[in-house]
Amino acid sequence: MKDFLFNNYSLLTHSVEAMAAITGLFLFSRYKNTAVKYFIYFLVYLTICDTVNEYTLLIYPEGILEFLANTKISRNYWWSTLFWKIGAILFFAFFYRKILERQLFKSIIKYAVYPFLIVSITYILFYWEDFFNRYFPVISVLGTIIIFTCTIFYFIEVLQTDKILTFYKSVYFYISAAIFIWWLIITPIVFYDIYMTNIDMNYISLRRLIYLLANIIMYSTFTFALIFCKPQNKVVNA
């Protein structure tokens, strides 16, 4: 089983991503008048960006992108940082400002994003060379704080309103639970990524297994939620 997962890591990851995105597009008319439509756009964005993230496979050996060998972008750390570690955080901040009802919660998220973005850009500029060779724990941790803030605010609203009676029918609940658990599992790993540069195969294998299982659970949850749940509220302006 372990060998199967490792040998098909990319295929399985892209499959569950595409499954969630295609499900969202297929059911788009159901959610077109709610904030879920933005989440569906996001799933498509992730599928495209993560597919592009595989461009490194076309560099070696003698691939069609071989001309990128030994350049700064011969590794995909920079792209992953931009589209996921920064891009995903900005999306979820936007998304939760759409679905939360309390203006205070919306304002906190809005003003929390600014320092996150400033620190991320500043850190990348100061450590420009490292930007192409590793992930930055600082960006990951700050992004996790944003995610936890968004999801906890959502859970608080659910607990303090009648939504608690039907929370299991809400697509927002499953999205929130899935991303909360994913970031809770994945964030600590970034502190051990030094072992990636040291080519520690035991760590690399464990890391890939954790990422794969976390991705399968998260995207499968998204797919289930889009199918099982029904639209709740109309889109509101943040």
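Visitor: What makes the packing of H8 and H9 describable in numbers?
Guide: H8 and H9 pack at an angle of about 145 degrees, their axes 10 Å apart. Axes here are lines fitted to C-alpha atoms, for helices over the stretch in contact, and angles run from 0 to 180 degrees between N-to-C directions. The helices themselves are DSSP runs (H or I, at least four residues), numbered from the N terminus.

Visitor: What sort of model is this?
Guide: A predicted one, where local features need pLDDT of at least 70, side-chain atom pairs count only at pLDDT 80 or more, and totals for chains, interfaces and linings use all residues. Residues are numbered from 1 along each chain as its sequence is written, and side-chain values use heavy atoms, with hydrogens and water left out.

Visitor: How do you know that the span of H8 agrees with its residue count?
Guide: Expected span is 1.5 Å times one less than the number of residues. H8 (residues 137-159) has 23 residues, so 33 Å is expected, and its end C-alpha atoms are 32 Å apart, which agrees.

Visitor: Why is the pair of Phe167 and Tyr168 called edge-to-face?
Guide: Rings of Phe, Tyr and Trp (its six-membered ring) pair if their centres lie within 6.5 Å; planes under 30 degrees apart are stacked, over 60 edge-to-face, the rest tilted. Phe167 and Tyr168 have ring centres 5.9 Å apart and planes at 90 degrees, so edge-to-face it is.

Visitor: Why is Phe167 called partly exposed?
Guide: Buried means under 20% relative accessible area, exposed over 50%, partly exposed in between (1.4 Å probe, protein chains only). Phe167 has 29%, so it is partly exposed; Tyr168, at 38%, counts as partly exposed too.

How values were computed: Helix = DSSP H or I, 4+ residues; strand = E, 2+ residues; numbered from the N terminus.
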